[in-house]
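Let's take a walk through a model, one residue at a time. Keep the viewer open and follow along.

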Amino acid sequence: MWAICRHEYVRLFKSIKSLITIAFIVGVSYWVSDLVNRAAAFVPAQDLAQGHALGIFTLIMLLGPLFVFSLSHDVINRELAGRTMRFLVTRTSRNQIVLGKFLGVVCFWLSCLAITFGVVLVTVHTFDGKTFWQCLSLLVYCISLALLLSLVVPRPSYTMFLSIVAAMLLPGLGLWSTFSDHPAAQWIAYLTPFVFMEKGGAWIGFIWLYAALFLGASMYLFQRRDC
């Protein structure tokens, strides 16, 4: 499992798209921190400390699903289409393959967040642990959903298209259900992670519960999948 985790982690860091994504997130975060620093004379100290993480939080909330799905939409079906999965299932269990892939992607995004928040910490000497936890929770939700999508849809070319749709639909539904008075919005809101991020506190645990359900569904489907 850990060998698969390490392989997926290294593969993502070697990807040009991944490096561009990291550079973009760090660049925007640094730019927002610089703007907040310039407004330090006009902003209360408490709001100033939270303002440095505003750029990261907004970026991850709106574009995080797109980043995750675009890089990991084929995390499983790529191996299935290339027939390399047949070799893996002879060396380890199917559950360990799914867990290894999942943990590899999670470790990659955890590293990205650490780099991003580290740049902000070095620049402005503030660290918002609450925002870090919320961003990580949202990314884990998206990673587990991307993993499930990669098992449900057999062809990477199809998941590439569906990942773009899902990446646009997820934040759209979250924002719509948060601000809409439509009756359906009340239950749709609880299918997305954004309402739990807004509530904060122990509600964040429901995001991890959804991630666990998606991961469990992925393991179940993979056990019944021909390689």
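Where does Glu 8 lie? Glu 8 sits in helix α1, which covers residues 2–14. One thing to keep in mind before going further: this is a predicted model.

Is Glu 8 buried or exposed? Glu 8 is buried, since its relative accessible area is 0% and the cut-off for buried is under 20%. Leaving aside residues up to four places away in sequence, Glu 8 touches Val 75, Arg 78, Lys 101, Gly 104 and Val 105. There is also a partner within its own stretch of chain: the side chain of Glu 8 makes a polar contact with the side chain of Arg 11, at 2.7 Å.

Now for the charges around that carboxylate. Side chains of opposite charge can pair when their charged atoms come close. By the 4 Å nitrogen-to-oxygen rule, the model has 6 salt bridges. In one of them, the side chains of Glu 8 and Arg 78 meet at 3.4 Å, N to O. That pair ties together distant parts of the chain, with Glu 8 in helix α1 and Arg 78 in helix α5 (residues 77–81), 70 residues apart. Arg 78 counts as partly exposed because its relative accessibility is 23%.

Next, look at Lys 101. The side chains of Lys 101 and Glu 8 meet in a salt bridge at 3.1 Å, N to O. Here too the link spans distant parts of the chain: Lys 101 belongs to helix α7 and Glu 8 to helix α1, and 93 residues separate them. Both Lys 101 and Glu 8 are buried.

Lys 101 has another acidic partner. Its side chain meets that of Glu 79 in a salt bridge at 2.7 Å, N to O. This pair joins helix α7, home of Lys 101, to helix α5, home of Glu 79, across 22 residues. Lys 101 is buried because its relative accessible area is 1%, and Glu 79 counts as buried because its relative accessibility is 9%. Put it together and you get a network of salt bridges that links Glu 8, Arg 11, Asp 74, Arg 78, Glu 79 and Lys 101.

Since Lys 101 has brought us to helix α7, follow that helix along. Helix α7 runs over residues 94–124, has 31 residues and reaches 45 Å from its first C-alpha to its last, close to the 45 Å expected at 1.5 Å a residue. What follows α7? His 125 does, and its phi is positive, near 60 degrees.

Now jump to helix α9, which takes in residues 156–179. With 24 residues, α9 reaches 35 Å from first C-alpha to last, close to the 34 Å expected at 1.5 Å a residue. Which residues of α9 are buried? They are Thr 159, Ser 163, Ala 167, Leu 170, Pro 171, Gly 174 and Ser 177. Those buried residues pack against α4 (54–72), α5, α8 (129–152), α10 and α11 (194–199). Note that α5 is on that list; it is also the helix that holds Arg 78 and Glu 79.

Then there's the surface to consider. Tyr 158, Phe 161, Leu 162, Val 165 and Leu 169 make a nonpolar surface patch of about 480 Å². Val 165 has its place in helix α9, and it counts as partly exposed because its relative accessibility is 37%. Met 168 lies in α9 as well. Met 168 counts as exposed because its relative accessibility, 61%, is over the 50% cut-off. Measure from its C-alpha to that of Val 140, 28 residues apart along the chain, and you get 17 Å.

Last stop: helix α10 (residues 185–188), where Ile 188 lies. Ile 188 is buried because its relative accessible area is 15%. What does Ile 188 touch, not counting residues up to four places away in sequence? Its contacts are Leu 173, Trp 176 and Ser 177, and Ser 177 is one of the buried residues of α9. Ile 188 and Ala 166, by contrast, are 22 residues apart in sequence and 15 Å apart in space, C-alpha to C-alpha.

How values were computed:
Residues are numbered from 1 along each chain as its sequence is written. This is a predicted model: local features need pLDDT of at least 70, side-chain atom pairs count only at pLDDT 80 or more; totals for chains, interfaces and linings use all residues. Side-chain values use heavy atoms; hydrogens and water are left out. Patches are made of residues with over 30% relative accessible area and no salt bridge: like charges are joined within 9 Å, nonpolar side chains (Val, Leu, Ile, Met, Phe, Trp, Tyr) within 5 Å. Accessible areas come from the Shrake-Rupley method with a 1.4 Å probe; for residues, only the protein chains shown count as cover. Helices (H or I, at least four residues) and strands (E, at least two) are DSSP runs, numbered from the N terminus. Buried means under 20% relative accessible area, exposed over 50%, partly exposed in between (1.4 Å probe, protein chains only). A polar contact is a pair of N or O atoms within 3.5 Å; within protein, one must be able to donate a hydrogen and the other to accept it, and residues adjacent in sequence count only if both atoms are side-chain atoms. Contact means heavy atoms within 4.5 Å. The expected span of a helix is 1.5 Å times one less than its number of residues.
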